[in-house]
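Got the model open in your viewer? Let's walk through it stop by stop, starting with the whole thing and then picking out single residues.

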Amino acid sequence: EESERKIRALLEHGGDAILLVDDAGVVTFASGACPQILGADAEELIHTSFHELAQTLGVARLSDVIESSRRSPGELLTETMPLGEDDVTIVEVNVCDYSRVETVEATIVNIRDITERLLTQAALEREESFSTDLMEHAPLWIYVSDLELRFLRVNRLFALAMGYKADVMVGSTASELFPAGLADLLETNARRALVDGEVTTEQTFEIGGVQTSMLGTYFVLRDSAGSPYAVAAVAIDMTEVEELRTIERELRAGFTHATDAMVTSYEGRITSWNRSAEEMFGYTSDEILGREIGVLLAPSQRDRVPSFQSALYEGRAVTAERLIGQRRDGSTFVGSLTAVPIVDGSGVVRAVSSVIHDRTAELTLQAQLRTDSLTGLPNREALIEHLQSILNSTGQDNEAPSEMFYLAKMRVDRFDQFLSVFGGSTAEALLRVVTDRLTAFVRRGVFVARSGPRDFAFAFTAESRQDAESFVQEVLSAVTEPTEVENRALNVSMTVGVSPCQSDDVGVIMSRAALLSQRERSVGAEPIAFFDERREFQLVRDVTLIEELRSALADHQLVPYYQPIVDLATNQVVGFEALARWPHEVRGLVTPDRFVGLAEESGLIGELGRQIRFSACHQLVEWQKLSGRSGLEMHLNVSVHELADSDFVTVTARMLERTGVDPRAVVFEITESALANTKETSEKLRDVSALGVRWSIDDFGTGYSSLSYLRVFPLDSLKIDRTFVMDWQSAKGRSMLKSIIDMAGALGLRTISEGIETPDQRDLMVELGADRGQGYFWLRPAPADEAYGFLRAGLERP
Ligand code: C2E
Ligand code: CA
Ligand code: CA
């Protein structure tokens with residue numbers, strides 16, 4: 001009775017719905033939990049057919065389970081099934097057929113709600129896979145060891161850092177796997193955690209030779225009863241964190257404060273934008289993010305983007321020194337670009353980081369150094385640079401360009417006369433007027449420069465020769481329009497030379513245009529000349545002159561003129577310089593500036609030099625005899641081109657022999673540029689010195705003023721270039737003169753000052769300590785008898 005009471009209590013108050021079903025399939029008992037699980041109380045259930053009940057519950061499977069259990073009495077059948085229409089309740093059904101058993105005579109059906117249990121299980125599983133994911137992907141070392149400190153689980157990063165595979169580590173202890181120091185550290189921490197429950201510590205140790213600082217937490221894992229079963233450790237590499245922090249700080253600082261624009265982009269669209277970018281381009285982040293990177297470039301530059309992109313997405317960095325950027329307001333500037341791809345661990349480009357540097361300030365500064373101070377226009381150097389960049393860029397394209405570059409040089413006609421009539425300030429005002437008028441063309445893409453004291457130049461493009469001509473005509477008309485300067489009506493006239501920029505040599509282009517702009521032009525003659533036709537004319541003229549020179553040399557028509565060289569201390573003529581002159585039937589007396597260059601070009605210079613030197617030496621011998629002054633010297637010019645001739649030394653020796661001149665009275669003058677080819681030249685100079693002839697450097701100070709070569713060559717004296725004497729009134733000019741003279745003195749070289757025209761200049765040179773002088777002050781280069789007359793006059797003076 002007692003046990004029956006207990007069973008009943010259990011049936012009334014247990015959590016499971018329990019039903020007894022008799023042989024006829026009718027419910028004879030229903031437990032207290034039935035309303036909760038099946039939604040019906042005992043009264044409703046008792047006497048109903050179980051099949052009916054199964055149908056009401058919508059669980060046909062229930063009837064099947066009863067049927068099956070009837071077929072195997074005494075056996076417990078268990079099945080899980082959803083209950084109710086919405087399937088949210090899952091039940092476990094246990095059925096056992098006791099209908100043949102006396103005292104029971106029923107099938108017992110026990111229905112247990114297991115929904116909660118299943119949900120918890122699923123949640124646990126999810127949690128498990130979540131924590132596994134977390135463990136594997138966190139940038140942390142994570143591991144769990146059992147109480148004997150054998151690894152139970154280790155994450156990938158920890159295994160990687162230790163140099164093992166994770167599954168190899170499982171089952172071993174730290175001391176079995178790692179160096180003693182490290183193992184000790186880890187195990188001590190774990191043991192402390194076992195005592196204290198949790199330990200957090202930052203420690204530095206060496207892994208694979210690298211000092212690593214780790215911040216780690218060790219904690220005990222306990223089962224539901226609260227007893228410890230494992231120790232877990234989570235650690236983070238602080239070295240890296242510190243590095244990352246520093247990098248982040250720097251990046252942040254750089255990104256927000258740099259004056260360079262920093263822009264990141266992905267697949268050509270802007271993804272970030274710093275403050276400098278905002279200032280440089282005028283777009284706010286909101287306006288620009290997501291837009292194509294090309295909008296930052298001037299339209300002409302945008303077709304460069306695809307090639308940049310393809311390089312970047314192949315993982316290469318891109319730099320461009322001259323990109324034309326475009327601001328929001330459409331204005332443009334020159335900038336440089338450095339772009340690098342940002343690549344993730346698997347080598348995929350995730351973004352492109354670009355730094356854009358505004359070069360305006362730098363270019364302005366550069367421009368200032370290349371600016372003519374009077375007019376503010378680019379100077380000659382800037383012009384050369386500009387032409388060079390044109391030539392470089394046109395050289396790259398293989399396609400025939402539709403547009404052609406031209407250089408035009410303009411020379412103000414009779415500017416020297418203008419200067420002497422109106423004076424410097426009017427002349428300057430005139431140059432400014434010309435400048436203003438020329439500058440108006442800059443807007444149309446024309447490069448305008450001041451290429452010389454009375455010369456302007458402009459470079460432009462034209463599609464045809466005809467276009468070029470009419471453009472130059474247009475510029476010339478604009479520039480030469482009558483003007484008023486300082487209340488004076490002025491008519492400017494100019495001569496223009498134009499050369500196409502085809503040649504690969506800027507010098508050639510410049511000189512072609514210059515040649516044409518400097519040609520002698522009678523008033524009213526065509527002011528504009530293009531290179532191609534006129535150059536031919538020029539060539540013909542040159543060729544004619546060369547032919548005339550050739551026959552003049554054959555006839556020994558060229559003669560030396562002589563200019564005395566004077567000892568500044570005694571005012572005595574100590575020698576002469578022989579200077580070539582060409583008495584021409586038509587042209588009159590032609591000076592060397594007209595023919596020496598042509599003679600060098602055509603190879604006639606050797607013959608010319610030999611004739612002049614021969615006559616001069618012959619003359620010297622005669623003058624020495626006549627005057628009784630055997631010390632009288634003769635200075636003779638030698639061209640660089642002659643020195644290159646292999647015969648030079650023998651020809652010189654022969655000349656000395658034939659004229660019978662004392663070699664010690666002969667001085668050869670050579671320009672600094674001849675000394676550029678050091679080794680060969682110094683040998684030649686030595687061979688000539690061995691004959692007794694001395695060497696002097698002509699036009700000293702205009703070439704490379706390097707002292708080193710002065711020691712290498714066997715030199716006797718320096719001839720200080722005329723331009724230094726011309727500049728004698730300025731402090732800078734004087735100090736130049738002084739330092740040249742002092743330096744020559746230190747090297748044991750005599751100094752001869754050229755181009756002395758006035759008594760003041762002579763006095764200055766005396767004061768500065770120059771040894772000798774030469775110039776119009778004493779005598780212009782003169783025919784032999786006149787020069788000798790000058791010598792005699794000096795000799796006859798008391
Ligand atoms: P250079 O050797 O420097 O000759 C000096 C030039 O300065 C001469 O010009 C002379 O007339 C000029 N001169 C002299 N004193 C004064 C002065 O006080 N004021 C000014 N303004 N000029 C002065 P030149 O005779 O026209 O000769 C020009 C150049 O031609 C020479 O410069 C020399 O380099 C070259 N040359 C002359 N004759 C020969 C020669 O026979 N052979 C070679 N290879 N070159 C020669
Ligand atoms: Ca000379
Ligand atoms: Ca000279």
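**The whole view**

Colour by secondary structure to begin with: this predicted model has 31 helices and 31 strands. Now turn the C-alpha trace so that you look along each principal axis in turn; the spans are about 175 × 70 × 45 Å. The radius of gyration comes out at 53 Å, whereas a compact globule of 798 residues would have one near 28 Å.

Next, switch on the surface. About 42400 Å² is exposed, and carbon and sulfur atoms supply 52% of that area. Underneath, 43% of the 798 residues count as buried. Looking at contacts between residues with a separation of 6 or more, 52% come from residues 24 or more positions apart.

Try colouring by charge, too. You should find 77 positive and 123 negative charges, and the mean positions of the two sets lie 13 Å apart.

**Stop one: the cysteines**

Select Cys34 and Cys96. How many disulfides does a search of the whole structure find? Zero. A disulfide is a covalent bond between the sulfur atoms of two cysteines. For Cys34, the closest cysteine sulfur belongs to Cys96 and is 18 Å away, so a bond is out of reach; the cut-off for calling a disulfide is 2.5 Å between sulfurs. Seen from the other end, Cys96 is in no disulfide either, with the sulfur of Cys34 as its nearest at 18 Å. Are these two buried or exposed? Cys34 is buried at 0% relative accessibility, and Cys96 is buried as well, at 5%.

**Stop two: Leu383**

Jump to helix H16, residues 380-396, and pick out Leu383. Its relative accessible area is 0%, so Leu383 counts as buried. Show the side chains around Leu383 and leave out residues up to four places away in sequence: you'll see it touching Leu407, Phe447, Ala449, Ser451, Ala457 and Met510. For a distance check, draw a line from the C-alpha of Leu383 to that of Val472; they sit 89 residues apart along the chain and 18 Å apart in space.

**Stop three: Gly575**

Move on to strand S24, which runs over residues 572-584, and select Gly575 there. Which residues does Gly575 touch, once those up to four places away in sequence are set aside? They are Gln563, Pro564, Ile565, Leu632 and Glu633. Gly575 is buried, with a relative accessible area of 1%. Now zoom out and add Val340 to the selection: the C-alpha atoms of Gly575 and Val340 are 72 Å apart, with the two positions 235 residues apart in sequence.

**Stop four: two unusual phi angles**

Most residues other than glycine have a negative phi. Two places here go the other way.

- Select His556, in the loop between helix H21 (531-554) and strand S23 (559-567). Its phi is positive, about 55°, although His556 is not a glycine. His556 is exposed, with 55% relative accessible area.
- Then go to Asp699, in strand S28 (residues 694-700). Phi of Asp699 is also positive, near 50°. With 25% relative accessibility, Asp699 counts as partly exposed.

**Before you close the viewer**

Put both phi stops on screen together with the surface on. Where does each one sit: His556 is in a loop, while Asp699 is in a strand. Then hide the surface and bring back Cys34, Leu383 and Gly575: Cys34 is buried, Leu383 is buried and Gly575 is buried.

Key. Residues are numbered from 1 along each chain as its sequence is written. Chains are lettered from A and ligands numbered from 1 in the order in which they are written. This is a predicted model: local features need pLDDT of at least 70, side-chain atom pairs count only at pLDDT 80 or more; totals for chains, interfaces and linings use all residues. Side-chain values use heavy atoms; hydrogens and water are left out. Helices (H or I, at least four residues) and strands (E, at least two) are DSSP runs, numbered from the N terminus. The radius of gyration is taken over C-alpha atoms; the globule rule is 2.2 Å times the number of residues to the power 0.38. Buried means under 20% relative accessible area, exposed over 50%, partly exposed in between (1.4 Å probe, protein chains only). Contact means heavy atoms within 4.5 Å. Accessible areas come from the Shrake-Rupley method with a 1.4 Å probe; for residues, only the protein chains shown count as cover. Lys and Arg count as positive and Asp and Glu as negative; His and the chain ends are not counted. The place of a charge is taken as NZ of Lys, CZ of Arg, CG of Asp or CD of Glu.
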